[in-house]
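Please look over the chain shown here before reading on. The report works from the confidence of the model to its packing and its cysteines.

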Amino acid sequence: MKRLLIVLLTCGMLVADAVSWPARADDTKVPSRSTDAPNAAVIYWQAFSAIPTLNAEQKQKYEAATKAPTAPLDDELEPIIAMFSLPLHEIHRARSVAPCDWQLDYDAGPHLWLSHLQKARDLSRAGLLRARLRFADDETDAAISDVLDVLKMARDCGSSPTLISYLVGVAIESNAQTVLAAELPRLKAEQLDQLAMDLKKLPPSATLAEGIRFEDQMFGGWLERRFEAVAKEIDDPQAGFEVLTVLQKELGADFASQPKPDDADAVRAAAQLKAVTVTEVRSWIEQLRRDYDEIAKMSLLAPADRQKRWAEFEAELTSTKKSSDAKSMSRHLSALFLPAVGKAFERAAQHQLRRELMSLVVQVQRHGPEALKSVTHIEVEHHKTATGFELRVACLDKTEVLAVGIAK
């Protein structure tokens with residue numbers, strides 16, 4: 001034991017001396033900070049790796065608190081949120097780093113791994129819970145910082161603009177807006193002014209159109225490459241369906257569902273499908289990619305117009321499934337693989353309005369309802385409540401609402 005102690009002490013002295021000695025030309029130097037371009041994604045992954053594992057009781061309390069974003073929080077939640085101190089410190093560090101590259105394997109196509117999205121959602125909940133605790137303790141500057149950290153991470157989710165990344169970022173940002181708006185009455189005038197500037201400094205996120213075009217590049221591009229590779233292996237110009245069958249196994253897609261015997265149109269379409277050539281399927285992939293481009297353009301329309309156009313487009317695709325004419329058959333892959341963007345279009349419309357409302361509620365809290373007089377491009381309703389106010393804007397067939405002040 002004494003011998004071991006001497007060895008340990010000696011090692012400790014050597015380490016201490018190594019740290020204090022000046023470096024010689026032949027010494028191994030301590031690595032310096034990388035001079036490569038900074039990347040917020042690297043910092044986020046350090047945060048994700050530090051997310052604590054909660055026991056059953058902690059998890060139950062934690063999840064219950066996240067379901068009501070403006071409800072009072074139990075003091076028992078504080079030690080649970082304290083367990084997230086390190087990962088929340090890291091996402092705060094990431095807020096000052098603009099570039100965010102998740103280094104995703106886009107060549108994987110439909111097999112692309114997007115594990116960072118769920119991690120970001122999980123950590124955003126912790127950040128917003130800590131913000132609510134800090135607001136309740138009147139630590140308003142720290143609370144605002146927590147919310148801004150979450151908003152920056154939400155924008156960074158879409159820096160690799162897949163459609164699902166866009167939607168996850170929208171969901172995180174919406175939750176953060178709800179928490180922040182509810183607490184605005186606690187803020188002083190100078191804090192509101194600073195918050196207005198900080199919201200403008202957040203990086204732009206990907207648009208829905210970018211997400212759809214990226215899906216085309218990722219999935220459409222993969223499908224083209226994989227189809228050509230399988231067609232070359234089979235080496236039969238008439239074996240279009242055989243090539244599709246190989247891809248079906250890889251994708252888990254049902255290219256040729258078994259029609260009911262009494263459905264003559266479906267039986268005829270199934271027979272036609274089994275007779276397709278490689279050249280015909282190649283043209284279907286080209287049509288799929290044109291259809292991706294069509295819905296990307298659709299996403300740039302005004303909300304009501306794109307909702308109407310999508311309903312028409314979706315009906316066109318549905319009608320092709322039982323038809324055996326050449327035009328309908330050319331949309332076979334489009335009917336199978338194009339994302340159902342109807343809900344995404346709705347979320348995009350809501351998201352655009354909520355961002356505007358978030359900026360407006362800060363101005364109304366700071367300057368009163370008079371701040372709305374300069375808003376001319378949308379019709380905003382102001383409703384006073386017992387604890388603050390609400391701003392409302394019509395959104396398609398619904399009303400988007402952002403509430404300021406927490407109901408008692």
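The sections below cover confidence, a strand hairpin, the nonpolar cores, one residue in a helix, and the cysteines.

## Confidence of the model

This is a predicted model. Its mean pLDDT over the chain is 87, and 89% of the residues reach 70 or more.

Confidence varies among the elements of the chain: helix H5 (residues 85-94) has the highest mean pLDDT, 98, and helix H1 (residues 2-20) the lowest, 38. Residues 1-35 have a pLDDT below 50, and this stretch has 1 contact in the model beyond near neighbours in sequence.

## The E2-E3 hairpin

Strands E2 (residues 389-395) and E3 (residues 398-404) are paired in the antiparallel sense, with 7 bridges. One of the bridge pairs joins Leu391 to Leu402 in E3.

The two strands make a hairpin with 2 residues between them. Leu396, in the turn, has a positive phi of about 55°. Cys395, a residue of E2, counts as buried because its relative accessibility is 6%, under the 20% cut-off.

## Nonpolar cores

The largest nonpolar core contains 72 residues, and Leu184 and Val361 have the most contacts inside it. Leaving aside neighbours within four places in sequence, Val361 is in contact with Ala181, Leu184, Phe389, Leu391, Leu402 and Val404. Among these contacts, Leu391 and Leu402 are also bridge partners in the hairpin.

Another core lies apart from this one and has 39 residues, among them Val276, Ala296, Leu338 and Ala348.

## Gln177 in helix H8

Helix H8 spans residues 163-182 and includes Gln177. Is Gln177 buried or exposed? Gln177 counts as buried, because its relative accessibility is 2% and the cut-off is under 20%.

Leaving aside neighbours within four places in sequence, the contacts of Gln177 are Arg354, Arg355, Met358 and Leu402. Leu402 is thus listed as a contact of Gln177 and also of Val361.

## Cysteines

How many disulfides does the model have? The count comes to 0, where a pair of cysteine sulfur atoms has to lie within 2.5 Å. Cys157 is in no disulfide, and the nearest cysteine sulfur, that of Cys100, is 8.0 Å away.

Cys157 has a relative accessible area of 0% and is therefore buried. Cys395, at 6%, counts as buried too.

Technical notes: Residues are numbered from 1 along each chain as its sequence is written. This is a predicted model: local features need pLDDT of at least 70, side-chain atom pairs count only at pLDDT 80 or more; totals for chains, interfaces and linings use all residues. Side-chain values use heavy atoms; hydrogens and water are left out. Two strands pair if DSSP finds at least two bridges between them. Helices (H or I, at least four residues) and strands (E, at least two) are DSSP runs, numbered from the N terminus. pLDDT is the predictor's confidence in each residue, from 0 to 100. Contact means heavy atoms within 4.5 Å. A nonpolar core is a set of buried Ala, Val, Leu, Ile, Met, Phe, Trp, Tyr and Cys residues joined through side-chain atoms within 4.5 Å. Buried means under 20% relative accessible area, exposed over 50%, partly exposed in between (1.4 Å probe, protein chains only).
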